[in-house]
Amino acid sequence: ASPMSGAKVTTLIFGQFLFVYFVRDANFYFFHRLLHTNKKLYKWFHRHHHEARFPNVWHLQYQHPIELLVMSAAPIFWVVLLPLPLSIEAYLLALAVSITADISGHSGYEMSGTILRVFSLNGWIFFLDPNRKWIARLFSNNLHHDLHHQRFSKNFGLYFTWWDYLFKSIDKDTDNMNQFISEKKVISLQK
């Protein structure tokens, strides 16, 4: 067999990366929604994570160990155990992008419109769609996650919003980023 060209290898790794990212996001959405719809599970495993109405990076892993296992570690194991030949490069890329997105999502700041957007996937998407009219609506941003922490019953997605749109759990204010940024400035000035 002849070796694959650089472009083919890059395309393969990127496709595998998207697959790993998709599996992690789907796992998170469905288990996260379950934690919010089952009062006992919420009380036992998830309520501590929601003590912050405006999350910061310290709340990122502020969760019960079982929640951490099911929502963060399990999809990584699932991907490894699947009978699919995944490259270590795709796996590590998905892990790196996931960690960066998780930190960005709990930073307490919307980075999409700043120079810091280079560190987040939704920041790159913002470059293509700054008004969240088409493709950017499918990607989570800090507003999506902050609204979840403020209102609890909407916006369960992690990296993408399509699960929330599909299962009607999207918060109506998710795409109103300009108002959100103004409100956060007012709130921070009042402190």
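In the predicted model, a nonpolar patch on the surface is formed by F31, L34, L69, F77, W78, V80 and L81. Together these residues have about 710 Å² of accessible area. Helices α1 and α3 each supply at least two residues of the patch, and α3 gives the most, with five residues. One of the patch residues, L81, is found in helix α3. With a relative accessibility of 70%, L81 counts as exposed, because the cut-off for that class is over 50%.

The patch belongs to a chain whose secondary structure comes to eight helices and zero strands. Read from the N terminus, the order of elements is α-α-α-α-α-α-α-α. The chain has 191 residues, of which 42% count as buried. About 11300 Å² of the chain is exposed, and carbon and sulfur atoms supply 70% of this area. Among contacts in the chain with a separation of 6 or more, 60% are accounted for by residues 24 or more positions apart.

Attention now turns to the interior. The largest nonpolar core has 18 residues, and those with the most contacts inside it are Y21, V79, Y159 and F160. Two or more residues are given to this core by each of α1 (6–37), α3 (65–81) and α4 (88–105). The largest share, six residues, comes from α1. Helices α1 and α3 thus appear in the list of contributors to the core and also supply residues to the nonpolar patch on the surface.

The surroundings of F160 can be described further. F160 has a relative accessibility of 6% and counts as buried, because the cut-off for burial is under 20%. When residues up to four places away in sequence are not counted, F160 touches Y21, D25, L138, F139 and S140. Of these neighbours, Y21 is, like F160, among the residues with the most contacts inside the core.

Aromatic rings were examined next. A pair of aromatic rings is described by the distance of the centres and the angle of the planes. A search of the whole structure finds 16 aromatic pairs. One of them joins F22 and W162, with 6.2 Å from centre to centre and 45° between the planes, and this pair is tilted. Since F22 lies in helix α1 and W162 in helix α7 (residues 162–166), the pair ties together parts that are 140 residues apart in sequence. F22 is partly exposed, with a relative accessible area of 36%, and W162 is also partly exposed, at 30%. W162 forms a further pair with F160: the ring centres lie 4.2 Å apart and the planes are at 5°, so this pair is stacked. W162 is therefore a partner in both a tilted pair with F22 and a stacked pair with F160.

A further element of the chain is helix α6, which covers residues 142–151. Nine of its ten residues are buried, so this helix is largely enclosed by the rest of the structure. The buried residues of α6 are N142, L143, H144, H145, D146, L147, H148, H149 and Q150. Following α6 is F152, whose phi is positive, near 65°.

Technical notes: Residues numbered from 1 in each chain as written. Predicted model: local features only at pLDDT ≥ 70, side-chain atom pairs only at ≥ 80, totals over all residues. Heavy atoms only, no water. Core = buried A, V, L, I, M, F, W, Y, C linked by side-chain atoms within 4.5 Å. Buried < 20%, exposed > 50% of the residue type's maximum accessible area, 1.4 Å probe, protein only. Helix = DSSP H or I, 4+ residues; strand = E, 2+ residues; numbered from the N terminus. Contact = heavy atoms within 4.5 Å. Patch = residues over 30% accessible without salt bridge, like charges linked within 9 Å, V, L, I, M, F, W, Y side chains within 5 Å. Areas by Shrake-Rupley, 256 points an atom, 1.4 Å probe, with all protein chains shown as cover. Salt bridge = Lys/Arg side-chain N within 4 Å of Asp/Glu carboxyl O. Phe/Tyr/Trp six-rings, centres within 6.5 Å; stacked < 30°, edge-to-face > 60°.
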